[in-house]
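Student: Please take one part of this structure and look at it closely with me. I would like to start with an aromatic ring and work outward from there.

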Amino acid sequence: NLDEAWKLVAKKINFDVKKLKDKILPLSGLYSIGEHTRALLFALNDGGLPSNVGGGYNLRMLVRRCFDFMDRNKWDLYLPSLCEEHSKELKSQYPELSENLEEIRKILDVEKNKYVSNKQKAEHILKRIVRKDIDTNKLIELYESNGIAPELVAKQIGIKIPDNFYALVAEKQ
């Protein structure tokens, strides 16, 4: 139970739970974006493409998680620039990572456009849904079929996301 874990940690360090989350979650998002963009740099450089199936699905989820973190924290980051910074940092070990940065930029720009379009579509879908119609199965369906992040559903409709949501999605895959 994540709520209980947050409370336990906050109690042990004598800190307010909300303030703790406000400090830790943005840092977690920032580190996640860093790790995700490094993984994307390697995968896209090797010829991987984001898609809705197989390994491409995993790449698309990494990209969209980055965009979700950026939206949630109102960060103005450009993923291709982060990939370029990773390629510079890793150049001595992996000089080939600098060879396809323009193609990676194009791929990530296309994914950003798809993300924005999907987010607009999601908002229209969520306007038609009533809170009582959302259970875990419906939340998973919205995520898998429409790419609607559970955090967006929770924000707009006011429901609690199960702690093991992404594990449940992985089980279905």
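Tutor: Start with Tyr115. In this predicted model, Tyr115 is buried, with a relative accessible area of 8%. The cut-off for buried is under 20%, so Tyr115 falls in that class.

Now look for its ring partner. By the pairing rule, the count comes to five aromatic pairs. One of them joins Phe67 and Tyr115. Their ring centres lie 5.1 Å apart, and their planes meet at 45°. An angle under 30 degrees would count as stacked, and one over 60 as edge-to-face. The value here is 45°, so the pair is tilted. Phe67 sits in helix H3, residues 54-73. Tyr115 sits in helix H5, residues 101-128. The two parts are 48 residues apart in sequence, so this pair ties them together. Phe67 is buried as well, with a relative accessible area of 3%.

Compare a second pair. The rings of Phe165 and Tyr166 also have their centres 5.1 Å apart, but their planes stand at 85°, so this pair is edge-to-face. Phe165 is buried, at 1% relative accessible area. Tyr166 is partly exposed, at 38%. Ring pairs also bring in Tyr143, which forms a cluster with Phe165 and Tyr166.

Next, step back to the frame that holds these rings. The protein chain has eight helices and zero strands. Along the sequence its pattern reads α-α-α-α-α-α-α-α. The C-alpha trace spans about 50 × 40 × 30 Å along its principal axes. Of the 173 residues, 35% are buried. Take the contacts with a separation of 6 or more: 59% of them come from residues 24 or more positions apart.

Now go to the cores. In soluble globular proteins, nonpolar side chains tend to be buried together. The largest nonpolar core here has 21 residues. Leu126, Ile134, Leu142, Ile148 and Val153 touch the most other members. H3 and H5 each give two or more residues to this core. So do helix H6 (136-146), helix H7 (150-157) and helix H8 (165-172). Pick out Leu142 and trace what surrounds it. Leaving out residues up to four places away in sequence, Leu142 touches Ile125, Leu126, Ile129, Ile134, Gly147, Ile148 and Val153. Apart from this core lies another, of 18 residues. Among its members are Leu44, Leu59, Leu79 and Leu97.

Helix H2 is the next stop. It covers residues 17-45, and Asn45 lies in it. Asn45 is buried, at 12% relative accessibility. Setting aside neighbours within four places in sequence, Asn45 is in contact with Leu40, Glu96, Leu97, Asn100 and Ile104. One of those partners, Leu97, belongs to the core of 18 residues. Ser32 is in helix H2 too. Ser32 counts as buried, at 15% relative accessibility. With neighbours within four places set aside, its contacts are Arg65 and Phe69.

Finish on the outside. The protein chain exposes about 10900 Å², and carbon and sulfur atoms supply 52% of that area. Val9, Ile13 and Phe15 make a nonpolar surface patch of about 250 Å². Ile13 is found in the loop between helix H1 (2-12) and H2. Ile13 is partly exposed, at 49% relative accessible area. The cut-off for exposed is over 50%, so Ile13 stays in the middle class.

Asn14 is in the loop between H1 and H2. Asn14 is exposed, at 71% relative accessible area. Look at its backbone: phi is near 55°, a positive value in a residue other than glycine. Lys74 also has phi near 55°, again positive in a residue other than glycine. Lys74 lies in the loop between H3 and helix H4 (79-89). At 75% relative accessibility, Lys74 counts as exposed.

Put the path back together. We began at Tyr115, which is buried, and its tilted pairing with Phe67. We then passed through a core of 21 residues and a separate one of 18. We ended in loops, at Asn14 and Lys74.

Definitions and conventions. Residues are numbered from 1 along each chain as its sequence is written. This is a predicted model: local features need pLDDT of at least 70, side-chain atom pairs count only at pLDDT 80 or more; totals for chains, interfaces and linings use all residues. Side-chain values use heavy atoms; hydrogens and water are left out. Rings of Phe, Tyr and Trp (its six-membered ring) pair if their centres lie within 6.5 Å; planes under 30 degrees apart count as stacked, over 60 as edge-to-face and the rest as tilted. Helices (H or I, at least four residues) and strands (E, at least two) are DSSP runs, numbered from the N terminus. Buried means under 20% relative accessible area, exposed over 50%, partly exposed in between (1.4 Å probe, protein chains only). Contact means heavy atoms within 4.5 Å. Patches are made of residues with over 30% relative accessible area and no salt bridge: like charges are joined within 9 Å, nonpolar side chains (Val, Leu, Ile, Met, Phe, Trp, Tyr) within 5 Å. Accessible areas come from the Shrake-Rupley method with a 1.4 Å probe; for residues, only the protein chains shown count as cover. A salt bridge is a side-chain nitrogen of Lys or Arg within 4 Å of a carboxyl oxygen of Asp or Glu. A nonpolar core is a set of buried Ala, Val, Leu, Ile, Met, Phe, Trp, Tyr and Cys residues joined through side-chain atoms within 4.5 Å.
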